[in-house]
Amino acid sequence: MGNDEQSKAEADFPAELPDTITLTFEDGSEAECFVWGFVEVEDKLYISLLPMDEEEDEEGGCYLYQYDEDENGEPILGYIEDDALLDRVVEAFDRLFEEE
């Protein structure tokens with residue numbers, strides 16, 4: 001495990017992020033999600049979101065996105081399109097949640 005794949009220190013994470021985020025999908029549907037955690041992989045932040053509605057959490061999974069902020073501090077979520085990168089992000093979250 002290289003340093004670029006280790007979780008970032010808590011102090012480096014967004015301080016003003018709410019406990020929940022509402023995701024709006026391409027089809028217009030929405031999902032209210034609990035902010036589960038952050039990790040840093042390859043110098044970028046990633047966020048894990050858990051659906052709050054059990055119907056939306058049919059498979060027991062979570063949503064993983066690349067995380068950034070705009071100039072006003074508002075969250076910007078991006079898809080993780082590279083499968084190998086997604087695997088590294090999943091591994092980083094697995095390590096993070098094993099520690100808790």
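Let's start with tyrosine 79. In this predicted model, tyrosine 79 has a relative accessible area of 54%, so this residue is exposed. Look at its partner next.

At 10% relative accessibility, tyrosine 65 counts as buried, because buried means under 20%. So this is one exposed residue and one buried residue, tyrosine 79 and tyrosine 65.

Now the rings. How many aromatic pairs are there? The count comes to six. I'll show two of them.

One is the pair of tryptophan 36 and phenylalanine 97. Their ring centres sit 3.9 Å apart, and their planes meet at 15°. Planes under 30 degrees apart count as stacked, so this pair is stacked. Where do the two residues lie? Tryptophan 36 is in strand β2, and phenylalanine 97 is in helix α1, residues 83-99. The pair therefore ties together parts that are 61 residues apart in sequence.

The other is our opening pair, tyrosine 65 and tyrosine 79. Here the ring centres are 6.0 Å apart and the planes stand at 45°, so the pair is tilted. Tyrosine 65 belongs to strand β4, residues 63-69. Tyrosine 79 is in the loop between β5, residues 75-78, and α1. They are 14 residues apart, and the pair links distant parts of the chain.

These two tyrosines have company. Ring pairs join Phe25, Tyr63, Tyr65 and Tyr79 into a cluster.

Back to tryptophan 36. Strand β2, which holds this residue, covers residues 30-41. Is tryptophan 36 buried, exposed or partly exposed? Its relative accessible area is 35%, so tryptophan 36 is partly exposed. Tryptophan 36 also has a place on the surface: together with Phe34 and Met52, this residue makes a nonpolar patch of about 300 Å².

Last stop: isoleucine 21. You'll find this residue in strand β1, residues 20-24. Isoleucine 21 has a relative accessible area of 11%, so this residue is buried.

What does isoleucine 21 touch, leaving out residues up to four places away in sequence? The answer is Ala31, Glu32, Cys33, Val35, Ile47 and Leu49. Take alanine 31 from that list. Isoleucine 21 and alanine 31 are ten residues apart along the chain, and their C-alpha atoms are separated by 8.3 Å.

To recap, in three quick points. Tryptophan 36 and phenylalanine 97 form a stacked pair. Tyrosine 65 and tyrosine 79 form a tilted one. And isoleucine 21 is buried in the model.

Terms used
Residues numbered from 1 in each chain as written. Predicted model: local features only at pLDDT ≥ 70, side-chain atom pairs only at ≥ 80, totals over all residues. Heavy atoms only, no water. Patch = residues over 30% accessible without salt bridge, like charges linked within 9 Å, V, L, I, M, F, W, Y side chains within 5 Å. Areas by Shrake-Rupley, 256 points an atom, 1.4 Å probe, with all protein chains shown as cover. Salt bridge = Lys/Arg side-chain N within 4 Å of Asp/Glu carboxyl O. Helix = DSSP H or I, 4+ residues; strand = E, 2+ residues; numbered from the N terminus. Buried < 20%, exposed > 50% of the residue type's maximum accessible area, 1.4 Å probe, protein only. Phe/Tyr/Trp six-rings, centres within 6.5 Å; stacked < 30°, edge-to-face > 60°. Contact = heavy atoms within 4.5 Å.
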